[in-house]
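Colleague: I am new to this structure and would like a close look at one part of it. Could you choose a helix, take me through its surroundings, and then set a few other places beside it?

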Amino acid sequence: MIPLSTKMRPDRLEGFVGQKHFMSEGSLFYNSIRNKTFESAIFFGPSGTGKTTLARIIAGELDGSFVEINASTTGVKELKEILKNASDRFHGLMKETTVLYVDEVHRWNKLQQDSLLKAIEEGIVKFIGSTTENPYFSINNAIISRVRNIYEFKRLDYTDILTILKRTLEDCEKGFGGLGVSYDEEALTILAKMAGGDCRVALDALGFIVDNLSEGQTLDKSIVAEAMQKQTTFYDKEEDKYNLLSALQKSVRGSDPDAAIHYLARLIDGGADEMMIGRRLMVMAAEDIGMAYPNAISIVTSCVQAAQMIGFPEAQIPLAEATVLLASCPKSNRANEALNAALSDIHSRKIDDVPAHLMDSHYGGAAKLGRGLDYKYPHAYGGYVTQQYLPDNLYKEGVRYYEPGENGSEGAFKKYLEELREIDKKNGR
C-alpha cells in the first residue's frame, strides 16, 4: 500500500505548502522555476519538509528528463551510467537537460560526489541534492561552488500542516474526500501540532486513523492521542506550554535544578518539540546566566543543536544537560540590564555624535575631516590606554551602563574593570 504522504504529494507549484522564506509566488526561486531558468541547487533540512516533493515539481515544470536516486543505494557505476545517458540526451537532437535529484547526497563519499562535477559544470544535468546534514560539512566544496544556491528547508508550521491535512480530507482524487470523514477541528489541529513540523508524520498518522476508524466514528482528540501514542493535554490549552516554559525559566533563574528538570519533563511529555524548548534555554543562558558564566551560551547552544540533530527520544538527554547546567550556574543579568539602560537613553534623550577619534578613517579625505586622528591603539600600549569612548555628553556625565556583580566569573571582570578605572583616575580621567 502506498503511504498517504506519498499519494498526497502535489505535482504543481500552486499545491506546494511551506518554506515561504524562499518559496513564494513572485520570489526569485519561484520565478526561476516558472521561467525555466532554475539551476542546480542543494536542499537542506529535516525530513518531511518538502525537499523531495519540490524537486519533483521542479522537474515537471522544466519539461526535461527526471532521474531520482538515493545516495545510500546508488554507487559510482550506476551514477556513471545515469550521467552517460544524460550526456547522450544533452548532445542529441533534442538537446535535453536531465534533472538529477540525489536524495541523502551526504551519504556519498568524495569520489562519488566528484563524479558529478563535469556534468554539472557542462550543464548536462541540473543537479538537486537533498540532505538532512549541514551541506557545508557533508558536501564537497567543489560541488557547493557549482550550485546556484543552498536552500534551507525549515520544519513546517502547524498551520501549514493543518492546511495539508484538511486538503487531504477534502481531496476526492487522492485523499479521503469521498469518504465523508467526520472530524473535530480541535483534533486535527492537535494532530498538526504533534507532527513536530514533519508533514510525512502527520499525513501517515491521518492515513492510519482514517483506515481504521469504525463506521460512524468521529476523528476526535482521543483518537489522535491513541494514534500518536501521546497525551494530548498539552495541546488542549495553548497557554499550557507558555506556563510551563515560564516555570522552567523561573526555576532556572532561581537556581533550582530539581524544579527545572520537573518542568522540562512536563514539556517533553506534553509534546513540546526540541526547538521550542531549546530556544528558551538559549534565552536563559544569555538573559539569566550572562557574564556570571559566559561559556553557558556556547554549551547550551551545542546541546540544543545536538538535540535537533538526533531528535526525540534521545534529544531529551542534551536538553536535560543544558537545563541542569543553567540551573546550577551562578546568575547575572547585568549585561542585559546594561543594554536596556543604553537603549532607554537612546530613546529618551539627545546623544552626542561618536567622538571624532573613534570614527572610521579608512577612506580618502578622512584625515582632512579630522576622523580618527588622535585614536590610541590599545594593543600598542600593552592592552589598555586611557581614552574617551562614550559620546561627549555621556562621558562628561560619567555615565555607566554596565555595573558588574560578584557572582561567578563576573567577579573577576568587575575586579579587572575597577583596576582600569584606577588607571584612568591616575591619568586624570
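Modeller: What follows starts with one helix, H11, and then turns to a neighbouring helix, a helix pair and a loop. Please keep in mind throughout that this is a predicted model.

Helix H11 covers residues 199-212, which makes 14 residues, and from its first C-alpha to its last it reaches 20 Å, close to the 20 Å expected at 1.5 Å a residue. Just before these residues, Asp-198 caps the N-terminal end of H11, with a side-chain oxygen placed 2.9 Å from the backbone nitrogen of Arg-200. Along the helix, the buried residues are Cys-199, Ala-202, Leu-203, Ala-205, Leu-206, Gly-207, Ile-209 and Val-210. In reading such a list it helps to recall that an α-helix has 3.6 residues a turn, so residues three or four places apart point the same way. As for what these buried residues of H11 pack against, the partners are four helices, namely H1 (4-7), H9 (158-170), H10 (185-194) and H12 (221-228).

One of those partners, helix H9, contains Asp-160, and this residue is buried, with a relative accessible area of 12%. When neighbours within four places in sequence are left aside, Asp-160 is in contact with Val-17, Gly-18 and Lys-20.

For a view of how two helices can be set against each other, consider H17 (residues 296-310) and H18 (residues 316-328), whose axes come within 8 Å and cross at roughly 160°. Because angles over 145 degrees count as roughly antiparallel, H17 and H18 are therefore described as roughly antiparallel to each other, and their crossing is left-handed. From H17 the contact is made by Ala-296, Ile-299, Val-300, Cys-303, Ala-306, Ala-307 and Ile-310, while H18 brings Pro-318, Leu-319, Glu-321, Ala-322, Leu-325 and Leu-326.

The last place is Gln-388, found in the loop between helix H19 (334-348) and helix H20 (392-397). Gln-388 counts as buried because its relative accessibility is 13%, and buried means under 20%. Its side chain reaches the backbone oxygen of Leu-390 at 2.9 Å, and a polar contact of 2.8 Å joins the side chains of Gln-388 and Asp-392. Leaving aside neighbours within four places in sequence, Gln-388 is also in contact with Pro-355, His-357, Leu-358, Tyr-395 and Arg-429.

Definitions and conventions
Residues are numbered from 1 along each chain as its sequence is written. This is a predicted model: local features need pLDDT of at least 70, side-chain atom pairs count only at pLDDT 80 or more; totals for chains, interfaces and linings use all residues. Side-chain values use heavy atoms; hydrogens and water are left out. The expected span of a helix is 1.5 Å times one less than its number of residues. Buried means under 20% relative accessible area, exposed over 50%, partly exposed in between (1.4 Å probe, protein chains only). Contact means heavy atoms within 4.5 Å. A polar contact is a pair of N or O atoms within 3.5 Å; within protein, one must be able to donate a hydrogen and the other to accept it, and residues adjacent in sequence count only if both atoms are side-chain atoms. Axes are lines fitted to C-alpha atoms, for helices over the stretch in contact, and angles run from 0 to 180 degrees between N-to-C directions. Angles under 35 degrees count as roughly parallel, over 145 as roughly antiparallel, 65 to 115 as roughly perpendicular and the rest as oblique. A crossing is left-handed if the near helix is turned anticlockwise from the far one by less than a right angle, and right-handed if clockwise.
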